[in-house]
Amino acid sequence: MAEEAAGQERLNKITHLTADSMGTEVCSIYLFRDDDTLELCATQGLNPEAVHQTRMKLGEGLVGRVARTGKQINTADAPSERGFRYMPETGEEIYSSFLGVPVQRLGEKLGVLVVQSKTKREFTADEVYALEVVAMVLAEMTELGAFVGEGAALSARHTQAVLLRGATGQEGAAMGHVWLHEPRVVVTNVVADDPEKERTRLHEAVDHLRVSVDEMLAGASGDTEQMQVLEAYRMFANSKGWMRRMEEDISRGLSAEAAVEKEQSQARARMNQVTDAYLRERLHDLDDLSNRLLRILTGQGRETGSEMPDDPILIARNIGPGELLEYGRKLKGVVLEEGSVGSHAAIVARALAIPLVIHAERITNEALNGDRIMVDGDQGIVHLRPDDTVVAAFRDKLAMQAEAQERYASIRDTPCVSACGTRIHLMMNAGLMADLPSLDGSGAEGVGLFRTELQFLVRNQMPRRTELAEIYARVLDASKGKRVIFRTLDIGSDKVLPYMRRIEEPNPALGWRAIRVGLDKPGVMRMQLQALLRAANGRPLTLMFPFVAQYEEFARARQEVDKAIAREEKLGHALPEKLSIGAMLETPSLAFASKRFFEEVEFLSVGGNDLKQFFFAADRENELVRRRYDTLNLSFLTFLESIVARCADTDTQLSFCGEDAGRPIEALCLTAIGFRSLSMRPASIGPVKSLLMRTRLDEVKAVIDAARDAGEQSVRSAVLDYLREAS
């Protein structure tokens, strides 16, 4: 395998040597030509003319079953095995014995290596192990481009165009070049001549690893969850079984790096099969530890010497909010293999106003630093190394968006008044100081939601009151007198502070979060309220409590504000010139609260993202159901109309905040049923304002009522038909 030779010639030689050394009539190598199809790429014992002609689908025959499951099949009686398929085109006889092992690297399936013989026998553990080692080296060399030749299966890797479908984490579109958050470790010396030297290298690297894990444990902050992860690291780093398996790999001719990666690949394969969350986490720990060990052995750190491109699109399996913020506005977009719509990364991406695609499987395996990439956050699609026609179409889309933004700039400073004369207030969502320049650029009339949790999430320890007061004061300074609604700390569920003990809950979205945490841990709430009062320093201040489910919670939170004001007054600090206190309506229960609540609360902001998931009982983190229910479903619109009516009855200010507020059709329907204030990401204000200013809301309301009377489920198609006719 270490010899220099053409790709096909090398594959042919491998099958010949393997068949001879194992005493089998057949050895064949199948590689993927696309995601669902295997191709026979080399064989000893089958018809040579079948090479590159014989193909099978994933799951088809025993070979396809090995490829689909990622597990070996070792049988003395292949024809009696479930799924056996005889392939006469290969000129094969009916062979009894069959051993197939997956060719895979770090969980990525590349093909199948097979040996067959007429003699009925199961292959021994040593033979299985030997074939697994060959398959592992095959995978490594396939990755390194050692088998490039004719046909799709032997085409050079990391050169073809790839379309990846994920999910929308943050809308928007961007074109740029790949920047890997954690560049892959490239193992170039797969085989080694001196096992003793490689064993010594492995032991030295593992000793280095153990010391670094002990140092991390010694420096841990005492956080229980962090300590548990590091203890798991220590357990794996000291695992005798892990060490023994790697030493055995080395004794059979692998380099230290290849031995580590072989074990890592098998752990990744197991991780893909395991459904138990705890076991998956532990295998993830082992995977991370293997990466650390590979970096020690190869000397390949995160700093590879590559320069970040001018238009970087960040690629990662997952990423924390602090790390993402370190990149800042240099990034044009982010693509993650994991992540969720409510994750810290998604929150920061929204704050940075950059497109984010999540659940883009295989992206870290497929992408290389510097690859051209296009991210469509609206559709949840990623084009990696796209061809010229796709690039041209995407550029047209970006050009149209840029042209539209120029049109929106012409109405930026014009008040939003619909064609029927209704005044609508358009606000923006924010969470970082860096968002505030968008107040002028977007034409927003103020900040309808300032997420205060980001200052807590991006730190390794609780921020001090003085630090928070300075940040909030700078926000108010930057707003230049425009209204800023500060939402108090909204943590819990998917937003867990790194320095708080994590509570295991069966359903965190319905659990201990937001106002519930604040009322149970009043010290943090009081500290934040004091910081906000001091930041105002006599100026008007607007506060909003998140996730209020009943009147009593709002009343208790209001009492905490009164206590904070009394304390500040006693200390001689300036009090706000005007203090407005509201709540987010994110639970259906609050819509049915007593009239007293609606009279006492000064304003309500409907948190559309949470309210919709609870109304439809459809978890917005669950890709199976989150797109099933439409905001413009008439049952949901009717529910929202009842909230509008209750607020009108008590003269309570009402706004709608969330992703739907920034979607023009949804915004149009929300204003038609009575919302007069919407809060959205800055980039959405122009498109929403443009549509509202040229549409009569009374006519849209009539369309909604007619659809309801007709028994329609959603009003979307009726409104789109109306807009087409009106234009």
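Let's start at a ring: in this predicted model, arginine 483 lies over the face of phenylalanine 603, at 5.0 Å from the ring centre. A similar arrangement involves arginine 513, whose charged end sits over the ring of phenylalanine 547, 4.0 Å from the ring centre. Here are the two side by side.

| Arginine | Ring | Distance to ring centre |
|---|---|---|
| Arg483 | Phe603 | 5.0 Å |
| Arg513 | Phe547 | 4.0 Å |

Rings also meet one another here, with 13 aromatic pairs in the structure. Take phenylalanine 597 and phenylalanine 598: their ring centres are 5.5 Å apart and their planes stand at 80°, so this pair counts as edge-to-face. Are these two residues buried or exposed? Both phenylalanine 597 and phenylalanine 598 are buried. Elsewhere, ring pairs tie Phe592, Phe615, Phe616, Tyr629, Phe636 and Phe639 together as a cluster.

Phenylalanine 597 turns up again in the largest nonpolar core, which has 93 residues. Along with Phe597, the members touching the most others are Phe486, Leu604, Leu640, Ile643, Phe675 and Leu678. What does isoleucine 643 touch, leaving aside residues up to four places away in sequence? Its partners are Leu585, Ala591, Val606, Leu611 and Leu654. A second core, separate from that one, holds 30 residues, including Ile29, Leu31, Val128 and Val137. As a general background, nonpolar side chains in soluble globular proteins tend to be buried together.

Now to a sheet worth tracing on screen. This open sheet has 8 strands in the order β7-β14-β13-β9-β10-β11-β12-β8, and its pairing is mixed. Its edges are β7, spanning 162–165, and β8, spanning 167–170, each of which pairs on one side only. On average, neighbouring strands of the sheet are turned by 30° against each other, ignoring direction.

Which strand does β8 join through 3 bridges? The partner is β12 (residues 356–358), and the two run antiparallel. Within β12, valine 357 stands opposite threonine 168. Helix α12, covering residues 388–409, lies across three strands of the chain, namely β9 (173–180), β13 (372–376) and β14 (381–384). The helix runs at about 125° to β9.

Stepping back to the whole protein chain, there are 26 helices and 22 strands. Of its 727 residues, 54% are buried. Among contacts with a separation of 6 or more, 66% come from residues 24 or more positions apart.

Conventions. Residues numbered from 1 in each chain as written. Predicted model: local features only at pLDDT ≥ 70, side-chain atom pairs only at ≥ 80, totals over all residues. Heavy atoms only, no water. Core = buried A, V, L, I, M, F, W, Y, C linked by side-chain atoms within 4.5 Å. Buried < 20%, exposed > 50% of the residue type's maximum accessible area, 1.4 Å probe, protein only. Contact = heavy atoms within 4.5 Å. Pairing = 2+ DSSP bridges. Helix = DSSP H or I, 4+ residues; strand = E, 2+ residues; numbered from the N terminus. Axes fitted to C-alpha atoms, helices over the stretch in contact; angles between N-to-C directions. Phe/Tyr/Trp six-rings, centres within 6.5 Å; stacked < 30°, edge-to-face > 60°. Lys NZ or Arg CZ within 6 Å of the ring centre and 35° of its normal.
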